[in-house]
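Work through the exercises below with the sequence and the coordinates at hand, and try each task before reading its solution.

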Amino acid sequence: MKKDLPKLLVVDDEANNHRVYRRILESLDVELITAMSGQQALLEAYRHNFFLILMDVQMPCMDGFETATLLLDHPKTAHVPVIFITAFAKEENFEFKGYKAGAVDYLIKPINDEILRSKVHVFR
């Protein structure tokens, strides 16, 4: 019988980044589900129960801020923590926008493997 693992949603429009997250997080007992867009993230989030969402900020059509706002405004996903991930240098205004959209944390690319595993483990 297959063990039900806690589910983690990774939202990023770059397939290469999905492979990086999979490699970094493979040692944790989590089921990684990926989305390539904000729209796909919404569909996955309403279909599954996630313990955490890792959200890229810059995506075409619907950015991470808008996606997170929609997720956190929906009763099914309002409780799910979102960690924003960005390639931008740390800027206060940018961070405030993320926290206003509901982020619990911010990570800057390139991702430090140990920090990402530790943050995911805290929420699991």
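**Exercise 1: the neighbours of a strand**

In this predicted model, strand β3 (residues 50–56) and strand β4 pair in the parallel sense over four bridges. Task: find which residue in β4 stands opposite L54, and which strand is joined to β4 by five bridges.

Solution. Begin with the pairing to β3, where L54 stands opposite I83 in β4. Turn next to strand β5 (residues 103–108), which runs parallel to β4 and is joined to β4 by five bridges; here the bridge partner of I85 is L107. Finally, trace the connection: β3, helix α3 (residues 64–73) and β4 make a right-handed β-α-β unit.

**Exercise 2: burial of β4**

Task: decide whether the residues of strand β4 (residues 82–86) are buried or exposed, and assign them to its faces.

Solution. Taking buried to mean under 20% relative accessible area, five of the five residues of β4 are buried, and the strand is mostly covered. Separating the two sides, V82, F84 and T86 lie on one and I83 and I85 on the other, and both faces are covered.

**Exercise 3: a helix pair**

Task: describe how helix α1 (residues 15–25) and helix α5 (residues 113–123) are arranged.

Solution. The axes of α1 and α5 come within 9 Å and cross at roughly 70 degrees. Angles of 65 to 115 degrees count as roughly perpendicular, and α1 and α5 are therefore roughly perpendicular to each other. At the contact, Y21, R23, I24 and L25 in α1 meet D113, L116, R117 and V120 in α5; the residues of this contact divide into five nonpolar, no polar and three charged.

Methods
Residues numbered from 1 in each chain as written. Predicted model: local features only at pLDDT ≥ 70, side-chain atom pairs only at ≥ 80, totals over all residues. Heavy atoms only, no water. Axes fitted to C-alpha atoms, helices over the stretch in contact; angles between N-to-C directions. Parallel < 35°, antiparallel > 145°, perpendicular 65-115°, else oblique. Contact = heavy atoms within 4.5 Å. Nonpolar A, V, L, I, M, F, W, Y, C, P; charged D, E, K, R; others polar. Buried < 20%, exposed > 50% of the residue type's maximum accessible area, 1.4 Å probe, protein only. Pairing = 2+ DSSP bridges. Right-handed = clockwise from strand over helix to strand, strands pointing away.
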